[in-house]
Amino acid sequence: MWRVVIIDDDQKVLRGMKRVIPWEKLNCEWVGEAHNGREGIEMIKETNPDIIITDIYMPMMNGLEMIEELKTDNFERKVIILSGFNDFEYARQAMKLKIADYLSKPASIDTITEVLENVIKQLEEENAEKFQVVELRNKVNVYEPLIEKEWIKSVVTGTSDLVKVPTCIQPVIESWKDKEHIILAIAYDEALQHTSLYHSDWNLFRFACSNIINEITVSVFKDFQYIEIHIFQGALWIQFEQEQLDFRARLEELSHKIEIAMQTYLHVKASVSIGTLKKSWKEISASMKDALYQPSKQMENEEMFQGKSVTNTKEIWSKSIEASQKLSEAIRYADEKTACEIILTFFNILEDHPYTKTAAVRIGIEMWTVMTYSLHDIGIRTEDILPENTDLPSELSLCKNWDDVKQFLLVKIKQICQQQYWDENIKHRQLVEQMIDYVQKNLSENITLQDIANELYISRNYLGQIFKNIVGEPFKNYITRARMEMAKKMIQEGNYLIYEVSEKVGYVNPAYFTTTFKKYTGYTPTDLIHKKTISQ
């Protein structure tokens with residue numbers, strides 16, 4: 001309800017206004033009154049009203065002086081002046097103070113009601129706009145880390161527009177000034193597909209890889225980013241101060257530690273190769289390509305035996321990583337047309353390069369693992385789409401030329417994109433998006449998975465499985481996280497008391513809210529308020 005206060009030194013006016021205003025019809029409530037401007041200021045600070053109805057001429061402090069003093073404290077409430085003074089100068093001063101309306105006494109009930117209705121409409125429109133701004137800001141806060149992650153990945157793979165840089169990335173680029181850059185390419189052995197962790201929980205495997213690599217790297221270098229390229233490929237982008245003479249030894253040490261840790265903790269064979277040092281971040285994709293291009297002895301012997309240049313292969317890898325990144329996006333959205341165009345464009349380039357079986361198998365496996373990675377990322381297993389006996393290396397080794405490899409990949413793309421399994425997965429993602437939207441709009445309510453399941457006529461357990469597969473965490477955990485993140489923002493904004501925040505994010509018991517908040521963030525709401533106060 002809209003909170004209204006009335007300030008007038010005439011007791012009859014106060015009683016009359018409280019009696020004639022149709023409070024229930026307007027969805028308003030009277031929360032206080034005062035007899036002069038000085039009392040009015042204190043009462044407004046205590047009651048925090050939405051609408052103030054005030055007289056101008058009052059003892060101790062008049063209405064205009066009161067409004068002017070409130071404005072100095074960033075006061076943004078709606079003010080209606082109801083005064084017996086028709087003096088133009090008063091009206092002019094009131095307009096300068098941006099009041100909502102100015103009425104002369106005596107005013108009819110209909111006039112007062114109409115003015116209040118108009119002011120309430122303004123408040124509703126402003127609140128809707130604020131909500132949209134807050135919602136947009138929340139979305140930006142959610143997506144900014146994803147934007148940064150995807151942008152860094154695109155820079156490393158050479159698919160980014162280096163001129164049009166997202167605004168949220170500018171601080172990152174600023175921190176790279178006067179630093180040198182290098183890539184460590186991390187390749188996982190294909191045998192990881194047979195490890196128990198990979199099959200039992202793909203997301204856990206990804207988290208474990210990232211966690212191990214980050215923990216080891218931070219002990220050697222301060223500034224770095226770990227990027228997942230695809231299922232069998234990751235990269236470390238390291239930035240360090242120029243003229244560090246021992247950097248090569250530290251890179252070798254880091255590479256060795258990562259290889260040992262992956263074998264020890266995940267039983268996965270990983271090989272780390274070091275790219276070339278670059279003076280600018282804009283050249284980092286070249287460092288990645290140099291790290292990737294470390295051909296095996298078998299490949300070198302095969303090319304030399306056939307009288308072909310090993311250096312030609314470097315351009316192949318340069319183009320393949322760019323094509324792989326674009327292919328990943330196309331497969332993610334089952335965009336068969338775009339995926340096929342990427343393959344056709346890439347293999348048109350390869351027609352100018354000598355064909356070798358080893359290079360063909362390697363490119364084919366790289367393209368295939370990129371597609372597999374994209375499918376895993378949206379909750380689809382390749383086993384659900386393709387026959388179990390698919391032996392990729394053997395099938396690729398039967399290819400006689402680049403055209404055979406191209407046709408092989410085009411067939412696989414069509415098999416993936418035309419599967420009916422996609423329809424079900426897309427429906428699942430749409431369903432989860434609806435669930436998330438419902439949660440965000442109803443955080444103050446007692447939301448349960450059972451209630452949503454009843455609304456959708458779906459089994460509660462089945463709905464929970466769909467949500468976890470798409471989002472990566474149980475529905476209950478997601479609701480808690482959404483509520484706690486919203487609570488943090490509300491507390492930091494400083495417009496609500498703790499019990500109000502508790503109610504607005506769905507906790508009737510403030511004590512339980514405080515306990516949950518501390519468990520989630522590591523500190524209490526009061527601690528957060530103190531931190532905010534100190535930082536200011």
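## Exercises on a predicted fold

The chain's secondary structure comes to 24 helices and nine strands. Keep in mind as you work that this is a predicted model. Of the 536 residues in the chain, 45% are buried. Among contacts with a separation of 6 or more, 69% join residues 24 or more positions apart.

### Exercise 1: Trace the sheet

Work out the strand order of the open five-stranded sheet, and find its edge strands.

**Solution.**

Step 1. Walk across the sheet: the order is E2-E1-E3-E4-E5, and the pairing is parallel.

Step 2. Look for strands that pair on one side only; these are E2 (28-34) and E5 (101-104), the edge strands.

Step 3. Check the twist, which averages 20° from one strand to the next.

Step 4. Zoom in on one pair. Strand E1 (residues 2-7) runs parallel to strand E3 (residues 51-54), and four bridges join them. To find this pairing on your screen, start at Val4, whose bridge partner in E3 is Ile51.

As background, strands of a sheet pair through backbone hydrogen bonds, either parallel or antiparallel.

### Exercise 2: Place the helices

Which strands do helices H1 and H3 lie against, and how does H3 meet H4?

**Solution.**

Step 1. Take helix H1 (residues 11-20). H1 packs on the sheet and touches E1, E2, E3 and strand E4 (78-83). The direction of H1 makes about 170° with that of E2.

Step 2. Move to H3, which lies across E1, E2 and E3 and runs at about 165° to E1.

Step 3. Now turn to the partner of H3. The axes of H3 (residues 37-47) and H4 (residues 63-71) come within 9 Å and cross at roughly 35°. This crossing is right-handed.

Step 4. List the residues that meet: Gly37, Arg38, Gly40, Ile41 and Ile44 from H3, with Met66, Glu69 and Leu70 from H4. Sorted by class, this contact has four nonpolar, two polar and two charged residues.

### Exercise 3: Salt bridges and sequence distance

Explain why the salt bridges Lys25–Glu117 and Asp223–Lys179 tie together separate parts of the chain, and decide whether each residue is buried, partly exposed or exposed.

**Solution.**

Step 1. Start with the principle: side chains of opposite charge can pair when their charged atoms come close. With a cut-off of within 4 Å from nitrogen to oxygen, the count is 13 salt bridges.

Step 2. Lys25 and Glu117 make one such bridge, at 4.0 Å from N to O. Lys25 sits in helix H2 (residues 23-26) and Glu117 in helix H6 (residues 109-157), so their pairing links parts that are 92 residues apart in sequence.

Step 3. Apply the accessibility cut-offs: under 20% is buried and over 50% is exposed. Lys25, at 62%, is therefore exposed, while Glu117, at 36%, is partly exposed.

Step 4. For Asp223 and Lys179 the N to O distance is 2.5 Å. Asp223 belongs to strand E7 (residues 223-230) and Lys179 to strand E6 (residues 179-188), so this bridge connects parts 44 residues apart in sequence.

Step 5. Classify this pair as well. Asp223 has 21% relative accessibility and counts as partly exposed, whereas Lys179, with 10%, counts as buried.

Step 6. For extra practice, try Lys177 and Glu174, whose closest N and O atoms are 3.2 Å apart. Lys177 is exposed at 52%, and Glu174 is partly exposed at 48%.

How values were computed. Residues numbered from 1 in each chain as written. Predicted model: local features only at pLDDT ≥ 70, side-chain atom pairs only at ≥ 80, totals over all residues. Heavy atoms only, no water. Axes fitted to C-alpha atoms, helices over the stretch in contact; angles between N-to-C directions. Helix = DSSP H or I, 4+ residues; strand = E, 2+ residues; numbered from the N terminus. Left-handed = near helix turned anticlockwise from the far one by under 90°. Contact = heavy atoms within 4.5 Å. Nonpolar A, V, L, I, M, F, W, Y, C, P; charged D, E, K, R; others polar. Pairing = 2+ DSSP bridges. Salt bridge = Lys/Arg side-chain N within 4 Å of Asp/Glu carboxyl O. Buried < 20%, exposed > 50% of the residue type's maximum accessible area, 1.4 Å probe, protein only.
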